[in-house]
Amino acid sequence: MKKAVLAAWMLVFALILSGCAKTTPASSNQPSSNDKRIVVGFSQIGSESNWRRANTVSMTQALSEENGYRLIFNDAQQSKDKQFRAIRDFIKQGVDYIVVAPVTEQDWEDVLTEAKNAGIPVIIVDRMINVKDDSLFTCWVGTNSAKEGAIAVQWMDSTFGDTPLKIAHLQGTMGSTAQLGRTSSLDEGLAEHPQWTLAFRGSGDFTQAQGKKLVAELLEDGVAFDVIYAENDDMAYGAVEAMEAAGLAPGQDATIISFDGNRRALELAMEGKINYVLECNPLHGPRVRSVIEQLEAGEKPQKFTYVDGTSFDQASITQELLDSREY
Ligand code: AHR
């Protein structure tokens, strides 16, 4: 009995400690010496968006205890420094693999050199990192943000032709791959279409609250715009809310373009409140698991895996599509 009480207290103590560090073993079972599970430290960006939450679920389900993993999950709360600290902690713990969804692309050399020196393979997921030496990571899995942006620009071109457009550009987290890619494609579009101008450009950090705040401020300040180019769904939801609060009709009084393709965005597109949605698939868990399985089998996974997406306008959304949407 005494032993059971002691064990329970030790567990509570371990959970408190892990809670302070925002690092949570996905399983409460502590490893034993004959534990054959593969230990993965996963540094997630945060929970800034619905996309991110779907990504976390996909990763934790794929790297579950039933599948033979012990997942140590860390939420970096959108902070690059917290992410570096988490990775150093994974190295100290001697995990078998490190998986990182990087907040931003820069400054990865030092921490990844430490992981390399410790002999721990690093798998990058979702966003990219910008390093000269690509032996610092084993492979990358994600979507092509610049391509998503280019498809959005093509749609604007074919929808509006020569009509002059004032564009309000809601950017994601500055320096993240999703922001850099989607912004660079819009910049190319602006350079090729002299009839397009920027009414506004600023970062809403991929959150609904910031997207709403930015658009509400534009409306209060009387800034005119025809198109909102929101670099993710959550900022588009915020834009819809701000327009409605100002008595405007989103999707009609301004065209809204959004990235990700969460079910809610598709519903809003079906209602005509968002006009065009670019899909960016968050369900990377099974792909990361397959990379680890290849490494475990002594195989060499592909260095870069781009996951394709599609795009939706109002006419292409059916109830069947909404019902089958996994995120
Ligand atoms: O890196 C992917 C982006 O990050 C998604 O578009 C966005 O919703 C998320 O926060």
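In what order do the 6 strands of the open sheet run, and is the pairing mixed? The order is S8-S7-S9-S10-S11-S13, and the pairing is indeed mixed.

This is a predicted model, in which local features need pLDDT of at least 70 and side-chain atom pairs count only at pLDDT 80 or more, while totals for chains, interfaces and linings use all residues. Residues are numbered from 1 along each chain as its sequence is written, and side-chain values use heavy atoms, with hydrogens and water left out.

**The sheet**

Helices (H or I, at least four residues) and strands (E, at least two) are DSSP runs numbered from the N terminus, and two strands pair if DSSP finds at least two bridges between them. Strand S8 (196-203) and strand S13 (311-313) are the edge strands, each pairing on one side only. From one strand to the next the twist averages 15°, with axes fitted as lines to C-alpha atoms, for helices over the stretch in contact, and angles running from 0 to 180 degrees between N-to-C directions. Helix H5 (residues 145-160) packs on the sheet and touches strand S7 (165-171), S8, strand S9 (227-230), strand S10 (255-260), S11 and S13; contact here means heavy atoms within 4.5 Å. The direction of H5 makes about 160° with that of S10.

**Strand S10 and its neighbours**

S10 is mostly covered, with 6 of its 6 residues buried, that is, under 20% relative accessible area (1.4 Å probe, protein chains only). Thr255, Ile257 and Phe259 lie on one side, and Ile256, Ser258 and Asp260 on the other.

S9 and S10 run parallel and are joined by 4 bridges; valine 227 has threonine 255 as its bridge partner. The chain passes from S9 through helix H8 (residues 233-245) to S10 in a right-handed β-α-β crossover, meaning that, with the strands pointing away from the viewer, the path from the first strand over the helix to the second runs clockwise. S10, helix H9 (residues 263-270) and S11 likewise make a right-handed β-α-β unit. S10 and S11 pair in the parallel sense over 4 bridges, and aspartate 260 stands opposite glutamate 279 in S11. By contrast, S11 (residues 276-279) and S13 run antiparallel, joined by 3 bridges.

**The ligand**

Residues around the ligand (a heavy atom within 4 Å) include Glu48, Trp51, Arg127, Phe206 and Asp260. The table gives distances from side-chain N or O atoms to an oxygen atom of the ligand; a polar contact is a pair of N or O atoms within 3.5 Å.

| Residue | Distance to ligand oxygen |
|---|---|
| Aspartate 126 | 2.9 Å |
| Asparagine 232 | 2.9 Å |
| Aspartate 260 | 2.5 Å |

Notes. Buried means under 20% relative accessible area, exposed over 50%, partly exposed in between (1.4 Å probe, protein chains only). A polar contact is a pair of N or O atoms within 3.5 Å; within protein, one must be able to donate a hydrogen and the other to accept it, and residues adjacent in sequence count only if both atoms are side-chain atoms.
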